[in-house]
Amino acid sequence: MHIIHIASECAPFVKIGGLADVTYGLSRALANQEGISVEIILPYYKTIDTSSLASLTKDPLSTTDCTYWKSSFDNITLTLVEPLTNNFFQRDEIYGFEDDAQRFIYFCQKAFNYVKSQQKDAILHLHDWHTALVALLNQRADKPYPTLYTIHNLAYQGPCSNATLQSAGFTTQELSLLKEQDHYLLMKAGIEYCDRITTVSKTYAQEIITSEKGGNLQPLLFAHQDKIDGIVNGIDTEYWNRQTDPYLPKGFDKHAMQKKLGLEVSDVPLVCSVTRLVEQKGPLLILEAIKETLRLGGQYVLLAAVADPQITQRFLELKDEPNLFMQLTYSEELSHLAFAASDLLVMPSLFEPCGLTQLIAMRYGCLPLVHATGGLKETVAAGKNGFSFETPTKEALRACLHQAFAAYRDPQKWQGMLAEAVSEDHSWKKSVKKYLTLYKKNRNLNR
Ligand code: ADP
């Protein structure tokens, strides 16, 4: 069975968040299974890091307006799509442009053309809005491929104008199911046209069909609930392994981190957040967690990629606090150091489809303190492997932080929780089996 992931991110080549970890970890777990071959198709971004790839060769299926570059890693074929007639992926960032819809529609078309020209049986696994339109293109084919669509985050739906879709060759009639008021949502193509849908935790799968949490797509998801499964994400336990992590100097610990960051070397609790500072991640609650940690005599490391200047300003007001280290960027290296050195990870997401950060933290011996929602609710058991609060308010967060600090002062309790968190199995082992079952079901669909 040949599985082709078509995605916009894959660690370690190009990563903004958990989607990249999933494309990488799930593909590696699949490639280890008997009788499975795996391919990943990504845009050839200017910023892509190809240093860990063996070589890049031009595929003979390349066309005059698009080159397909082939490489491989860990028994996985990697195909990079490079446009020759536009600058869609020649940018310093991978998302956040006015023409994002146009860029990823282009990618869907070129990726799907490439799949077709390979002329072999495959199962297409599409991820999030960026690649959802492949499902519509697939509908047009004489012999459509079996398809699976994973919703990593329902909040990003790929809004798109009629004009953009028309100029990409889609007809109004063809697009009727993607319509949302006066525009179109590319994510709808994945929901409407894929054979099966997964979301990244069971809880999130249940949440998105409720009127409270499903938002504007709830009626559509509710109508398709029979084809939705919740499969919790795993983490790649070889990549996220303290013992072999190339980012961690030998014997790296809390004191080494404090020295490195210029914090006072001390045994007080070291708390961290490693995040994208967007609304979903509860920036104001993170701000409160920092202030309360400092009031309680702890130290805080904030590693956060920020988009909104107003949010940045709120954090910068704290920049002279001696017990706070703040870096408002993305940094793979610092994230590994933070997980390895910190006692506590604060992750007060307002909603969280799965969340990988808390899983990585646990594996690195850093207990998560979370808002009990979505995948956080499913993976963090209060008092057992972490701490959680039910309502996303400053008061509830502060009370939870107090509980965590009290637990920290009780070494026996703390060590017991740490032992539980570190030993839990959050690898892809179980979830990869569930994906395989779905792929097989899909393959056997009568077409
Ligand atoms: P999301 O995908 O919504 O951002 P997840 O918790 O599922 O959230 O995954 C986030 C991934 O991105 C984790 O691997 C986390 O370590 C990483 N990450 C998030 N923010 C940063 C950052 N500022 N620097 C480095 N890594 C980050």
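The overall form of the chain is described here, followed by its salt bridges. The model is a predicted one.

The protein chain contains 16 helices and 18 strands. Its C-alpha trace spans about 65 × 50 × 40 Å along the principal axes. A compact globule of 447 residues would have a radius of gyration near 22 Å, and the protein chain, at 22 Å, agrees with this. Of the 447 residues, 59% count as buried. Among contacts with a separation of 6 or more, 69% are between residues 24 or more positions apart. The surface exposed by the protein chain amounts to about 18800 Å², of which carbon and sulfur atoms supply 49%.

Charged side chains number 44 positive and 50 negative, and the centres of these two sets lie 4 Å apart. A search of the whole structure yields 20 salt bridges. One of them joins Arg-140 and Glu-174, with 2.5 Å between the closest N and O atoms. Arg-140 belongs to helix α3 (residues 128-140), whereas Glu-174 lies in the loop between α4 (162-167) and β9 (179-180), so the pair ties together parts that are 34 residues apart in sequence. Arg-140 has a relative accessible area of 41% and is therefore partly exposed, since that class lies between the limits of 20% for buried and 50% for exposed.

A further salt bridge is formed by Lys-281 and Glu-352, whose closest N and O atoms are 2.9 Å apart. This pair links distant parts of the chain, 71 residues apart. Lys-281 is found in the loop between β13 (270-277) and α9 (283-295), and Glu-352 in the loop between β16 (344-347) and α12 (357-363). Both Lys-281 and Glu-352 are buried.

A salt bridge within a single helix is formed by Glu-292 and Arg-295, both of which lie in α9, with an N to O distance of 2.1 Å. The two residues are 3 positions apart, about one turn of the helix. Glu-292 has a relative accessible area of 6% and so counts as buried, while Arg-295, at 55%, counts as exposed. In addition, Arg-28, Asp-74, Asp-236 and Glu-238 are joined into one network by salt bridges that share partners.

Terms used. Residues are numbered from 1 along each chain as its sequence is written. This is a predicted model: local features need pLDDT of at least 70, side-chain atom pairs count only at pLDDT 80 or more; totals for chains, interfaces and linings use all residues. Side-chain values use heavy atoms; hydrogens and water are left out. A salt bridge is a side-chain nitrogen of Lys or Arg within 4 Å of a carboxyl oxygen of Asp or Glu. Helices (H or I, at least four residues) and strands (E, at least two) are DSSP runs, numbered from the N terminus. Buried means under 20% relative accessible area, exposed over 50%, partly exposed in between (1.4 Å probe, protein chains only). The radius of gyration is taken over C-alpha atoms; the globule rule is 2.2 Å times the number of residues to the power 0.38. Contact means heavy atoms within 4.5 Å. Accessible areas come from the Shrake-Rupley method with a 1.4 Å probe; for residues, only the protein chains shown count as cover. Lys and Arg count as positive and Asp and Glu as negative; His and the chain ends are not counted. The place of a charge is taken as NZ of Lys, CZ of Arg, CG of Asp or CD of Glu.
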